[in-house]
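Thank you all for coming. I would like to take a few minutes to walk through one model with you, starting from the whole chain and then moving to individual residues.

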Amino acid sequence: TERDLYGQRHPVETDEIVSRKLKEFEEEVKNIPDEEKSCLLQAQERCPQLLTDGFKLMFLRSEVFHIDLATKRYVRYWEKRVDVFGPEKAFLPLTVDGALRDDHFTLTKGFMNMTGKCDPSGRSILFGDPSKMDPGAYEAKSMCRALWYILHSLLENEETQKKGVVFLLWPHNFKPWQLDKKLLKMNSESVRACIPLRVSALHVCHPPKIFAIVFPILKMFMGEVLRKRFRLHSGNTEEVLKNLEKWGLTRDIVASPIGGDVEIDMHGWIAKRRAAGK
């Protein structure tokens, strides 16, 4: 398929292709030495009900059906999940009252937020506010677990699995003391190499002057692929909204702090997820 406006390809899927690729995926996983996949082996023993074909398919989609890359991500995923959640929670379902039962504060802190919106191509849109970082107010792993939960909720949408996610970041009120290097490293490793999610773009809107100093530090953690996904949008509200429109991000799907129409309500979203057992 041809590349889209973000330079990504989206393979055409058929039942035959998916079935064949899943078999190849399984064979490749079997060929990985046990000592290199110890956390995955624990998952196979402790939560086999989570390791469905649909779950494995997310890793294939995230790596555009490259078997070697997908299986490596799958193995790293379980290593990082055990690291972030600990062995006592890593194999529980990622639900508010399950693996996230101790993370309500970070889930609703506002660092990363659901918008409930998608762009015209079907990519989910997340709104991030770096000014909500506060290294003294939470444990970095708890905030990282919150990100894992939010990203996995996006992956419930099959179009997001195929097309990816767009981050709308609003560092307007960010202060240098809020820079949480430990959290940024943990989040970057999770997104870049572990969670089966395609990152289409990170749109940084209304960056403050201090961002010019912080940005090189951020790039250190991002890795080459994520660095290429950054788009900076400066100017007044209308200028930024006009720039975002070029990427299909119209006012009606942009969060209100940036100037759009979408109101953020993480407390309400979490309450609905909890009521649904998610």
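I will begin with the overall fold, go on to the nonpolar cores and the cysteines, and finish with several single positions.

Please keep in mind throughout that this is a predicted model. The chain has 11 helices and 5 strands, and its radius of gyration is 19 Å, close to the 19 Å that the globule rule gives for 278 residues, so the chain is as compact as a globular protein of that length. Taken along the principal axes, the C-alpha atoms fill a box of roughly 55 × 45 × 40 Å. Of the 278 residues, 54% count as buried, and if we take the contacts with a separation of 6 or more, 74% of them are between residues 24 or more positions apart. The accessible surface comes to about 12,900 Å², and 52% of that area belongs to carbon and sulfur atoms.

Let me turn to the interior. In soluble globular proteins, nonpolar side chains tend to be buried together. Here the largest nonpolar core has 72 residues, and those with the most contacts inside it are Tyr-74, Trp-78, Leu-126, Leu-151 and Phe-167. Which element gives this core its largest share? That is helix α6, residues 140-154, which contributes 10 residues. Apart from this core lies another, of 16 residues, and among them are Val-166, Cys-205, Leu-241 and Ala-255.

Helix α6 deserves a closer look. Of its 15 residues, 14 are buried, so the helix is largely enclosed by the rest of the structure. Its geometry can also be checked: at 1.5 Å a residue, the 15 residues of α6 should span 21 Å, and the end C-alpha atoms are 22 Å apart, which agrees.

Coming back to Tyr-74, and leaving aside its neighbours within four places in sequence, we find this residue in contact with Phe-25, Val-29, Leu-40, Leu-51, Phe-55, Lys-56 and Phe-59. The last of these, Phe-59, is found in helix α3, residues 53-62, and at 0% relative accessibility Phe-59 counts as buried. With the same neighbours in sequence left aside, the contacts of Phe-59 include Phe-25, Ala-70, Arg-73, Tyr-77, Cys-194 and Pro-196, in addition to Tyr-74 itself. Phe-59 and Leu-197 are 138 residues apart in sequence, and yet their C-alpha atoms are 7.8 Å apart in space.

Since Cys-194 has just come up, how many disulfides does the structure hold? The count is 0. The sulfur of Cys-194 is 9.2 Å from the closest cysteine sulfur, in Cys-144, which is too far for a bond, given that a disulfide needs the two sulfur atoms within 2.5 Å. Cys-194 counts as buried, at 4% relative accessibility. Cys-205, which we met in the second core, is in no disulfide either, and for Cys-205 the nearest cysteine sulfur, that of Cys-118, is 17 Å away. Cys-205 is buried too, with a relative accessible area of 0%.

Next come two charged residues, and the question for each is whether the side chain's residue is buried or exposed. Asp-129 lies in the loop between β2, residues 124-128, and α6, and Asp-129 is buried, with a relative accessible area of 6%. Beyond its neighbours within four places in sequence, Asp-129 is in contact with Gly-110, Phe-111, Asn-113 and Trp-170. Arg-273, in helix α11, residues 266-275, is likewise buried, with a relative accessible area of 9%. Its contacts, with neighbours within four places left aside, are Val-96, Tyr-149, Ser-153, Glu-156 and Lys-278.

Finally, I would point out two backbone positions. Val-64 has a positive phi of about 50° although it is not a glycine; Val-64 lies in the loop between α3 and α4, residues 67-85, and counts as partly exposed at 27% relative accessibility. His-206, also a residue other than glycine, has a positive phi near 55°. His-206 is found in the loop between β4, residues 199-205, and α9, residues 211-227, and at 11% relative accessibility His-206 counts as buried.

How values were computed:
Residues are numbered from 1 along each chain as its sequence is written. This is a predicted model: local features need pLDDT of at least 70, side-chain atom pairs count only at pLDDT 80 or more; totals for chains, interfaces and linings use all residues. Side-chain values use heavy atoms; hydrogens and water are left out. A nonpolar core is a set of buried Ala, Val, Leu, Ile, Met, Phe, Trp, Tyr and Cys residues joined through side-chain atoms within 4.5 Å. Buried means under 20% relative accessible area, exposed over 50%, partly exposed in between (1.4 Å probe, protein chains only). Helices (H or I, at least four residues) and strands (E, at least two) are DSSP runs, numbered from the N terminus. Contact means heavy atoms within 4.5 Å. The expected span of a helix is 1.5 Å times one less than its number of residues. The radius of gyration is taken over C-alpha atoms; the globule rule is 2.2 Å times the number of residues to the power 0.38. Accessible areas come from the Shrake-Rupley method with a 1.4 Å probe; for residues, only the protein chains shown count as cover.
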